[in-house]
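Subject: Handing over the structure

Hi,

Here is the structure I promised to pass on to you. Have a look at it first, and then read on for what turned up.

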Amino acid sequence: MKKSLVLASVALGAICASEAANAQTIIRGGGDTSVSIAYRNLFDCASYQIFGPSADTPAGVTTPLSTSCIGIGPNFPHDAYLFLYAPVGSRVGKAGFVAHTASPGYYNNWTAKVSGNIPYADNTFAPTWPYASIQFAGSDILLLPSDVATYNTNSGPANWGNILFMPAVVMPVAISINPHGDSSHYPGYPWAVAPNTIKLSRKSLCGIFSGHITKWDNASITADNGVAVGSGQITVVHRSDGSGTNFLLTNALTEQCRTVYGPNNETDPTMTLYAFPWTDRGVATAQCPALPAVGSTFSNWPDDRPVLATDQCGRTISNPGGGVFVGAQGDSGVASTVATTYGAIGYNSVDLVQPIVPSGPQTAMLQSQYDIDNATGAYHLPTAWGAETAMAAVTPVFDDTTRANPLNWAAQGTVPNPALPGSYPIAGFSWFLFYQCYAATDVAAVIPHYINWHYSNALAASVLADHSMAVPPAPWVNEIQKLIATTSPIGHTGDGGVCNAKSGA
C-alpha cells in the first residue's frame, strides 16, 4: 500500500463538524475533463449518489461506477449529499472559480460545452446546468498570479477566504494513436507491430508534434521499432479549447525537445531543430511581437483554419515541415477524432484509451530522460506507477508562512522532464481548488471530510488505480494535511473563526 494511504487521518478528520449533512447537501464544481470520469466514480463511491447513469446522462454515455465501489455504498457518516461536477475544461473551471460564478455568460464555451450534457447531475437532487453557484473546481492548469489578482479584485479573500490549491491526483498523459485502416485508405495496413507496442523515441515524438515527422514510415519511427510499423500520413489531433492536458503535453515537449534535431521532413534532409514551435495563444497582445513558445493551455497550432491562421500579433503561424494538424474540443473530442482518423496521433487522459477503454485508441510507448541518458532501451506505456515515479522527483518545501499562498504550490508542482528510473515522461498533477469559507454549515463539514477520504482512504486509491491514476506522493499529502488542519482550515461563516462574517461560497 502506498505510503500516502497510511498517513494519520485523524488530524484531517478532526476538523469536520460533528453535525451530519442533511439530505439536500449539494456541492457543485466544474473544470478539467481529463479526470472527470474518475471524479464521478470517486464522488459516487464516497456518497449517496446515483449508482449508474442518471436521468441527465446524455445518449451514448454508459460509463459505470468504478468496479472497486460496486456494492459498497456510501462511505461517510453523513446523510445523503451530492457532488456535481461539470466537465467544462481546466481553463473554464479555473476562471469560474476565481470569479466565483458559473454564469453561462461569463465564459463563452462554459455553456457550449456542457449545456444539456452533464452526466454527473441527477434531477432528484438538483437542476441541470447552469449551477446556481460553485463551491470547488478542478484544473490541470497551474494557478497564475493573474488568477489570484482576479480573485482579489473580486473581493475573494473578504468573501470566501483563502484559495486552497492542492494536487488532487497524479496522472499520465497518453499519446493516443490510430494504426487502423485498410488497403484503400492506408496502404501500410495491417501494421507490423502488436497493439499498444508502437515505440516513439524522444526524437520521433518531438518530430511529430513539431510538424517535421509527417509519415509513419519515417526513418526515426522505423529505427525505434526495428521495423517499418506502417505507412501513410500522420495527423496530429490537438485540443482546440483551453486544456490542462494541453498544458501538460506542451510543458513536457517544450523542455524535452529543445535540443532535438532531425531532417525537416521525409523529402527534405535539411537538419532542423525539433523544439516545440507553437506559441501560447493565451498571452496578451501586449507581449507582441515576442510571443513565447512555452507550455500552455491553448496553443497556436498550425491548422489550416482562419481562426488559427495567425497568432495574436497577426503573424502567420508557420509549419515548415508540413505536418497535418486538426483540432478537437475536449478530451473526448480528441479521442473520438483519433479513433476515426486513420494514422492519427493525439493526447488524452488514460480514461479514454486502451486498455481502460478496450474500444478506444491505442497508446504509444515513450522514452524517459533516464532511458536516454543510460541507453536502457526501455519504453513506457502511460501507467499510474510511471506517473507517480515522475512526480516523486519534486518534494514541496513550505513553512507556516508560505503554505497559505497557493502560488507557492503551483511553483513547485511540475516535472516537465522526469529523470527517475521508471518515470513516464508526460505526467503531472490535476489540482483541486477549494474555498476556505462556506456559507452552509453542512458544506463546510462535508468538503474537509471528503478531502480526508480522498487522500487517505484505500478505497479512493483503488478507484484512482482503476483509471491509471493515483493520489499524490506522501510529501504532498502531508502538506495538504497541514494546510487543511492548521494553516487555512475550512470553516463556515458563522463558526466564530476566520470565516466569521464572510459571505461564504
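Asp 311 and Arg 315 are a good place to start: their side chains meet in a salt bridge, with 3.3 Å from N to O. Asp 311 is buried, with a relative accessibility of 9%, while Arg 315 is partly exposed at 36%. Please keep in mind that this is a predicted model.

That pair belongs to a longer list, as a search of the whole structure finds seven salt bridges. Two others are worth a visit. One of them joins Arg 403 to Asp 400, with the closest N and O atoms 3.0 Å apart. Here Arg 403 is buried, at 3% relative accessibility, and Asp 400 is exposed, at 62%.

The other brings together the side chains of Glu 479 and Lys 482, at 3.8 Å from N to O. You will find both residues in helix α16, which covers residues 474-487; they sit three residues apart, which is about one turn of the helix. Glu 479 has a relative accessible area of 8% and is buried, whereas Lys 482, at 38%, counts as partly exposed. How do Asp 400, Arg 403, Glu 479 and Lys 482 come to be in one network? They are joined by salt bridges that share partners.

Next, the disulfides. How many does a search of the whole structure find? The count is three, and I will take them in sequence order.

Cys 206 and Cys 257 form a disulfide in which the sulfur atoms are 2.0 Å apart. The angle about the S-S bond is -80 degrees, and the link is left-handed. Cys 206 lies in helix α7 (residues 202-209) and Cys 257 in the loop between α9 (244-256) and β7 (261-263), so this pair ties together parts that are 51 residues apart in sequence. Are these two cysteines buried or exposed? Cys 206 is buried, with a relative accessible area of 1%, and Cys 257 is buried as well, at 2%. The cut-off behind that word is a relative accessible area under 20%.

Cys 288 and Cys 313 form another disulfide, with 1.9 Å between their sulfur atoms. The torsion about the S-S bond is about -95 degrees, so this disulfide is left-handed. Cys 288 and Cys 313 are both found in the loop between β8 (271-273) and β9 (324-328), and the pair links parts of the chain that are 25 residues apart. Cys 288 is partly exposed, with a relative accessible area of 28%, and Cys 313 is partly exposed too, at 24%.

Cys 437 and Cys 499 make up the remaining pair, their sulfur atoms lying 2.1 Å apart. With a torsion of about -80 degrees about the S-S bond, the disulfide of Cys 437 and Cys 499 is left-handed. It links distant parts of the chain: Cys 437 belongs to strand β14 (residues 437-438) and Cys 499 to the segment after β15 (491-492), and the two are 62 residues apart. Cys 437 is buried at 0% relative accessibility, and Cys 499 is buried with a relative accessible area of 0%.

Now for the surface. Tyr 261, Met 271 and Leu 273 form a nonpolar patch there, and together they have about 320 Å² of accessible area. Tyr 261 lies in strand β7 and counts as partly exposed, with a relative accessibility of 48%.

Last on my list is a pocket. The second largest pocket holds about 420 Å³ of space. It is lined by 20 residues, and those closest to its centre are Arg 91, Lys 94, Leu 144, Asp 147 and Thr 297. Two elements give two or more residues to this lining, namely α3 (90-99) and α5 (145-153). Which element gives the most to the lining of the second largest pocket? That is α3, with four residues.

If you want a route through the model, you could begin with the network of Asp 400, Arg 403, Glu 479 and Lys 482, go on to the three disulfides, and finish at the second largest pocket with its 20 lining residues.

Happy viewing, and best wishes

Key. Residues numbered from 1 in each chain as written. Predicted model: local features only at pLDDT ≥ 70, side-chain atom pairs only at ≥ 80, totals over all residues. Heavy atoms only, no water. Disulfide = S-S within 2.5 Å. Buried < 20%, exposed > 50% of the residue type's maximum accessible area, 1.4 Å probe, protein only. Patch = residues over 30% accessible without salt bridge, like charges linked within 9 Å, V, L, I, M, F, W, Y side chains within 5 Å. Areas by Shrake-Rupley, 256 points an atom, 1.4 Å probe, with all protein chains shown as cover. Salt bridge = Lys/Arg side-chain N within 4 Å of Asp/Glu carboxyl O. 1 Å grid on protein atoms, 1.4 Å probe; cavity = no way out; pocket = protein on both sides within 12 Å on 5 of 7 lines; lining within 4 Å. Points joined across faces, edges and corners; volume = space filled by probe spheres on them.
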